[in-house]
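User: Please examine the structure below and answer some questions on its surface, its dimensions and its core.

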Amino acid sequence: MSGTAHAALTADQVWQSWKDAGALVGLTVSAATENNADGVLTLNGVSIAPEGMAGLTISDMVLTEEDDGSVTIEPGADIGVAMAGEAEGAVTVTHDGLVLTAREADGGLAYDYEAAKLDVVYDTSYPGVSFDGSEAPTVTSAGTVGFTNLSGTYSDTPGTNRTFGLDIAADVLAYNTSLDDPGMEMKQTSTSETAGIEMSMAFALPSSMQLTAMSAPADFGTALNEGLSFTLSTKQGESTGTMTQESAFMPMDLVMKAGGGEGTVVFNKDTFSMKSMASGLDISSGPGMMPVPVQVTSGPIEFDLTTPVVATEAAGDYSFVMKLADFSVNEEAWAMFDPNAALPRDAAQIAIDISGKTTMDLPALIASGEGGAPYTPAPESLNITELGVKVAGAALAATGAFTFDNSMGIPMPLGEANVSVTGANALIDGLIATGLMSEDDAMGARMMMGMFMVPGANADELTSKIEAKEGMQILVNGQPLPM
């Protein structure tokens with residue numbers, strides 16, 4: 001990835017920009033020696049760390065001014081992170097051909113980078129837990145997290161809001177880890193490999209303040225109103241992984257596979273939104289914690305959470321979506337509690353889709369939780385677009401719409417919801433046959449269904465209409481509560 005600068009960029013300018021950016025987030029960027037000759041800045045003993053503390057060290061780095069106005073940056077082979085506290089060991093970064101190119105972009109700096117391979121390798125130890133008062137045993141932890149064919153861009157753009165951007169792409173993201181905890185009598189190893197990693201993020205910080213200066217909810221609210229924001233988008237291909245755990249209490253032997261997926265996060269003064277979608281998963285477990293092999297599979301998985309952040313006058317949109325399709329377990333797992341197949345083996349389905357409008361002041365809500373003035377969001381509406389569960393041959397479905405009157409200090413609902421349940425009696429019969437439900441419990445469940453639901457048009461179907469009227473009156477199938 002390359003670019004053409006609008007004006008000649010110098011190595012000293014790049015180096016100074018790192019110092020300035022570090023100071024903005026409370027880091028000191030320095031070098032033991034600096035030597036600039038003929039457009040080549042050579043740094044030795046580079047350190048990036050909080051003041052007076054250990055941090056990232058780079059043995060050497062060469063910044064070379066190019067004819068096109070850019071600056072090529074080549075870090076040395078010795079890159080490490082110092083351990084702090086009781087932890088001992090080493091964390092190092094190894095790479096094959098890591099090169100960065102700094103260029104001017106939109107009044108700031110952008111860094112294009114690429115490497116055939118980049119690994120973060122750690123080998124550490126730290127005190128574990130002692131349960132008998134003796135000296136705590138030492139826990140050892142080691143592993144490698146690596147990228148193959150890594151490329152991307154980091155940008156730093158000044159303005160009313162200083163915006164930091166980061167784009168990452170890699171053919172493969174992989175890791176392998178090991179853990180030995182004598183105190184817990186546990187040894188664990190894991191591996192993972194994910195294809196087609198893509199990530200793009202942007203963080204805007206008001207130039208009027210430093211990130212480390214935001215210590216109170218009021219500072220947070222000021223920063224939001226002045227432009228503090230964060231966005232993230234991710235995309236990935238298929239993932240595979242394993243985990244083996246030797247333990248007297250929780251032995252595991254897992255093999256995992258997941259389809260591709262994507263996600264987004266948006267956070268600013270108007271909204272917080274988190275969305276993700278995955279095409280499915282497959283997890284297999286050998287005998288260990290469970291007496292039989294267990295396989296869990298699912299189809300597409302969807303999650304969506306949206307809420308206003310600072311909406312104190314006009315209400316903002318909120319929503320919650322969670323969908324899980326075709327969730328199932330293997331016959332051996334079913335047979336542990338239902339050996340005679342009294343329950344249908346249908347894959348489970350879950351679908352929740354609700355939305356509405358509410359006033360919200362997130363900084364005030366945070367301040368309330370820290371001992372400030374009490375604050376409660378005020379919902380104005382709730383739309384139940386879909387609320388559905390299907391499991392073991394039974395199904396529940398609901399829709400509805402409500403508005404809320406907040407003039408009394410608490411939300412007063414007005415509206416209705418319609419609920420339908422099919423296969424409930426057959427499910428209860430199956431649970432009795434498996435021994436998971438007693439006859440007395442079944443009688444109580446059927447009595448409750450009889451109180452709040454009426455027979456539907458089809459066999460083993462029950463329906464209910466729930467209405468919220470003026471004056472906090474709640475009706476179920478036309479009958480007021482309490483019934």
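**Surface, dimensions and core**

Leu 436 lies in the loop between α5 (424-434) and α6 (439-452); helices (H or I, at least four residues) and strands (E, at least two) are DSSP runs, numbered from the N terminus. This is a predicted model, in which local features need pLDDT of at least 70, side-chain atom pairs count only at pLDDT 80 or more, and totals for chains, interfaces and linings use all residues. Residues are numbered from 1 along each chain as its sequence is written, and side-chain values use heavy atoms, with hydrogens and water left out.

User: Is Leu 436 buried or exposed?

Analyst: Buried means under 20% relative accessible area, exposed over 50%, and partly exposed in between (1.4 Å probe, protein chains only). Because its relative accessibility is 53%, Leu 436 counts as exposed.

User: What is the radius of gyration of the protein?

Analyst: The secondary structure comprises six helices and 28 strands. The radius is taken over C-alpha atoms, and the globule rule is 2.2 Å times the number of residues to the power 0.38. For 483 residues that rule gives 23 Å, so the protein is more spread out than a compact globule, its radius of gyration being 29 Å.

User: Which strand gives the most to the largest nonpolar core?

Analyst: A nonpolar core is a set of buried Ala, Val, Leu, Ile, Met, Phe, Trp, Tyr and Cys residues joined through side-chain atoms within 4.5 Å. The largest has 29 residues, and Val 14 and Trp 15 are among those touching the most other members. Elements supplying at least two residues each include α1 (11-24) and β8 (108-127). With five residues, the largest contribution to this core is that of β8.
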